[in-house]
Amino acid sequence: MADPTESSVQQAIDTIRTLSMDAVQAANSGHPGTPIALAPAAYLLMNEAMNYDPAQPGWPNRDRFVLSCGHASTLLYSMLHLAGVKQLDANGQPTDEAAVPLAHLRQFRQLDSRCPGHPEFGHTSGVETTTGPLGQGIANSVGMAIASRWLGARFNRPGFELFDFDAYALCSDGDIMEGVGAEAASIAGHLKLSNLCWIYDDNKITIEGKTSLSFSEDVARRFEGYGFQVVKVDDINDLAAMRAALKQFRQTDDRPTLIVVRSVIAWGAPNAANTHGAHGAPLGEDEIRLTKAAYGWPEDEHFRVPDEVPALFADGVGARGKQAREAWDAMLAQYRTKHADEAAQLDTIARGELPEGWDADIKEFPADAKGIASRASSGKVLNQVGKNIPWMLGGSADLSPSNKSTLNFDTAGEFSAESYAGRNFHFGIREHAMASICNGMALSGLRAYGATFFVFTDYMRPPMRLAALMKLPVFYIFTHDSIGVGEDGPTHQPVEHLAALRAIPGLNVFRPADANEVAESYRAILRRDDGPSAIVLTRQNLPTLDRTEYAPAAGLQKGGYVLADICDFESDGDGKPDVILIATGSEVSLCVEARQQLAAEGIKARVVSLPCWELFDAQPAEYRNSVLPPEVTARVGVEAGIELGWSKYVGAAGRFIGMDGYGASAPSAVLMKQFGFTVENVVAAAKSVTG
Ligand SMILES: Cc1ncc(C[n+]2csc(CCOP(=O)(O)OP(=O)(O)O)c2C)c(N)n1
Ligand SMILES: [Mg+2]
């Protein structure tokens with residue numbers, strides 16, 4: 001194809017601009033100014049720079065485009081429409097249907113449109129990640145760049161460059177101001193991710209007005225300090241300068257690139273340009289007419305797509321991407337014959353499955369009254385499964401010795417700028433970016449995990465929520481789960497955190513009672529392919545229950561199960577318990593002991609272990625009622641956390657033993673006693689509810 005003329009490029013850019021303003025106007029809601037301003041960058045990326053096949057937006061080695069400033073969503077939708085990106089089916093296979101038909105763009109922000117207010121992964125093919133919360137997209141893109149490097153290091157062979165994709169992100173002042181962006185940039189620079197390119201829209205405008213209200217740092221120097229190459233472009237409409245900047249990125253192989261580009265929000269709109277009003281309100285029909293006139297566009301036409309524009313994309317990214325993807329397919333076919341095992345692994349990754357027999361090495365923990373901290377049993381199980389799942393990888397925010405989150409078998413290795421094949425990550429003290437990076441890795445097919453102290457989940461809540469929203473099978477290892485932390489005191493003792501995580505729809509939260517429940521938790525977590533999970537673990541030892549005496553730990557798969565029943569009383573009465581003791585994690589063994597004491601006094605207690613509320617609540621009513629018979633209203637709930645949420649299990653007639661304030665600095669055993677987590681207290685509560 002001959003190089004397109006500058007006028008045809010300009011026409012394509014103006015089509016993106018006008019589609020974006022028309023969509024916002026039709027919705028009477030949205031953000032027109034930034035899509036208008038950034039249209040040249042989006043055009044050049046998609047149609048000239050990226051290795052991307054619109055017919056196969058799931059192609060594993062495609063370059064990624066992340067719109068981190070998700071409010072500019074119409075920019076992405078217009079581009080996906082014009083490039084002719086196809087929608088993928090539920091199995092990730094391309095269909096003939098457009099991902100963004102014009103009819104959907106006309107229905108921007110309306111129910112069931114493929115063009116929701118902010119881009120949603122899984123809803124619209126071509127949307128690489130859900131964005132809107134500023135800072136998340138750029139942090140995700142670091143995870144994608146990492147995934148590219150890791151896949152390359154693990155799977156490429158001489159003559160087979162299967163993975164070398166780049167990750168591009170468009171970002172705004174908000175992305176650059178948010179702390180998570182700084183954390184992510186810091187680690188990206190450290191890891192020398194030269195396949196990462198952020199284009200920062202330095203438009204000097206945010207919602208409240210000029211950035212001078214709150215932002216005066218030298219962004220370029222900051223990023224140079226992180227180890228980025230920084231390229232400045234004075235005007236986003238200077239296409240030659242933009243092309244040169246993108247070329248400079250591609251030619252740099254030792255560090256990531258930040259392109260700082262000046263733009264004018266709502267460029268070309270005679271009254272709205274360069275005003276903060278253009279950020280989040282429709283331009284209005286009159287201003288749209290004036291703006292279209294300024295572009296030399298028919299003023300009264302809406303959603304106009306000149307025939308030449310889709311053709312330009314078809315000749316550009318369409319042709320280039322098809323060729324690249326077909327060459328890649330051919331390479332993969334060859335690779336299959338030479339590296340069959342690796343190819344089979346890639347197929348398994350693509351299907352979102354795990355290798356056959358991945359859990360075969362999980363060993364049962366023998367009964368042990370002294371027991372083992374659940375963080376320690378977790379470390380063992382993590383390694384037993386990790387060995388068998390080559391693409392399970394992750395690390396801690398500088399707490400791996402405490403979190404027991406290291407993969408310590410020979411082939412695991414450490415991920416660093418010098419070795420991208422390693423599976424142990426050092427995220428540094430950056431919990432927020434850690435979880436966002438895990439999302440980016442998961443979006444690239446990897447089974448990523450992050451670890452820290454449970455109390456610091458507050459630092460990583462936004463990306464956990466997004467993992468749940470995007471249905472990503474990321475998992476989190478959280479240790480030091482309660483006042484059982486002991487001497488570190490209330491700053492390090494989670495209290496409301498279980499309730500806070502359970503409040504996130506789609507996040508499965510596991511708090512296993514002993515080592516065998518830990519093992520079962522990993523089974524449940526890794527088997528899940530449609531959402532994130534957290535495992536919440538103790539610092540202190542927990543007895544390993546004798547499963548010949550108590551119910552098998554496999555009961556965990558249903559979220560909750562009868563651990564110890566009233567069998568001692570079988571000959572006596574109606575077979576129903578007098579009282580049900582319900583607990584999670586470290587408090588389960590208290591209930592087990594309390595049951596024995598109650599039995600000595602002729603009170604029939606059932607113990608229910610309830611390690612995962614989300615799984616339990618998803619069981620049929622019949623099962624739930626068999627565990628917690630509605631007619632047995634004498635119930636005691638025990639958990640070293642706040643009561644929020646427990647009423648649905650303990651009911652109005654029940655009692656809850658938990659925390660209603662912060663802990664204190666003292667040895668763990670002292671605190672457990674001080675705050676009422678004793679067998680006596682459980683026994684007394686049980687008696688009080690049985691009246
Ligand atoms: C974490 C987060 N905080 C706040 C917002 C609400 N919000 C949306 S855009 C924006 C700032 C707009 O300024 P900028 O990022 O420079 O985007 P521009 O208007 O230049 O496109 C804010 C505060 C958000 N989306 N995410
Ligand atoms: Mg801005």
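The following conversation goes through a predicted model, from its domains to its sheets, helix packing and ligand shell.

Trainee: Which domains does the domain assignment give for the protein chain?
Mentor: The model is a predicted one. The assignment gives domain 1 as 6-325, domain 2 as 368-542 and domain 3 as 556-690.

Trainee: How far apart are the C-alpha centres of domain 2 and domain 3?
Mentor: Those centres lie 26 Å apart. In the contact between the two, 29 residues belong to domain 2 and 30 residues to domain 3.

Trainee: Which elements give two or more residues to the side of domain 2 that touches domain 3?
Mentor: They are α18 (497-502), β15 (508-510) and α19 (515-527). The most comes from α19, with four residues.

Trainee: And how do the residues of that side divide into nonpolar, polar and charged?
Mentor: On the side of domain 2 that touches domain 3, 12 are nonpolar, nine polar and eight charged.

Trainee: β15 came up there. What is the order of the six strands in the open sheet that contains β15?
Mentor: The order is β12-β11-β13-β14-β16-β15, and the pairing is parallel. The edge strands, β12 (424-426) and β15, each pair on one side only. On average, neighbouring strands of this sheet are turned by 20 degrees against each other, direction ignored.

Trainee: How many bridges join β15 to β16?
Mentor: Three bridges join β15 to β16 (residues 533-536), and the two strands run parallel. As an example, V509 has A534 of β16 as its bridge partner.

Trainee: Changing topic: what is the order of the open sheet with five strands?
Mentor: The strands are arranged as β1-β4-β5-β9-β8, with parallel pairing. At the edges are β1 (64-67) and β8 (229-233), each pairing on one side only. The turn between neighbouring strands of this sheet is 15 degrees on average, direction ignored.

Trainee: How many bridges hold β5 and β9 together?
Mentor: Strand β5 (residues 196-202) is joined to strand β9 (residues 257-262) by six bridges, and the strands run parallel. One residue pair is C197 with its bridge partner T257 in β9.

Trainee: Which strands does α2 lie across?
Mentor: Helix α2 lies across β1, β4 (167-171), β5 and β9, and runs at about 155 degrees to β5. Helix α5 (residues 136-155) also packs on the sheet, where α5 touches β1, β4 and β5. The direction of α5 makes about 170 degrees with that of β4.

Trainee: At what angle do the axes of α2 and α12 cross?
Mentor: The axes of α2 (residues 33-49) and α12 (residues 308-338) cross at roughly 60 degrees and come within 7 Å. The crossing angle therefore makes α2 oblique to α12.

Trainee: Which residues make that contact?
Mentor: From α2 they are M46, N47 and E48, and from α12 they are L312, F313, G316 and V317. Of the residues in the contact of α2 with α12, four are nonpolar, two polar and one charged.

Trainee: Last topic, ligand 1. Which of the 16 residues around ligand 1 come nearest?
Mentor: The nearest are T34, S172, D173, G174 and T206. Two or more residues of the shell are given by each of α6 (173-177) and β6 (205-206).

Trainee: How many residues of the shell around ligand 1 are nonpolar, polar and charged?
Mentor: The shell around ligand 1 has six nonpolar, eight polar and two charged residues.

Terms used
Residues are numbered from 1 along each chain as its sequence is written. Chains are lettered from A and ligands numbered from 1 in the order in which they are written. This is a predicted model: local features need pLDDT of at least 70, side-chain atom pairs count only at pLDDT 80 or more; totals for chains, interfaces and linings use all residues. Axes are lines fitted to C-alpha atoms, for helices over the stretch in contact, and angles run from 0 to 180 degrees between N-to-C directions. Angles under 35 degrees count as roughly parallel, over 145 as roughly antiparallel, 65 to 115 as roughly perpendicular and the rest as oblique. Two residues are in contact if their C-beta atoms, placed from the backbone, lie within 7 Å. Ala, Val, Leu, Ile, Met, Phe, Trp, Tyr, Cys and Pro count as nonpolar, Asp, Glu, Lys and Arg as charged, and the others, Gly among them, as polar. Two strands pair if DSSP finds at least two bridges between them. A residue is near a molecule or strand if its C-beta atom, placed from the backbone, lies within 6 Å of it. Domain bounds come from an automatic or database domain assignment.
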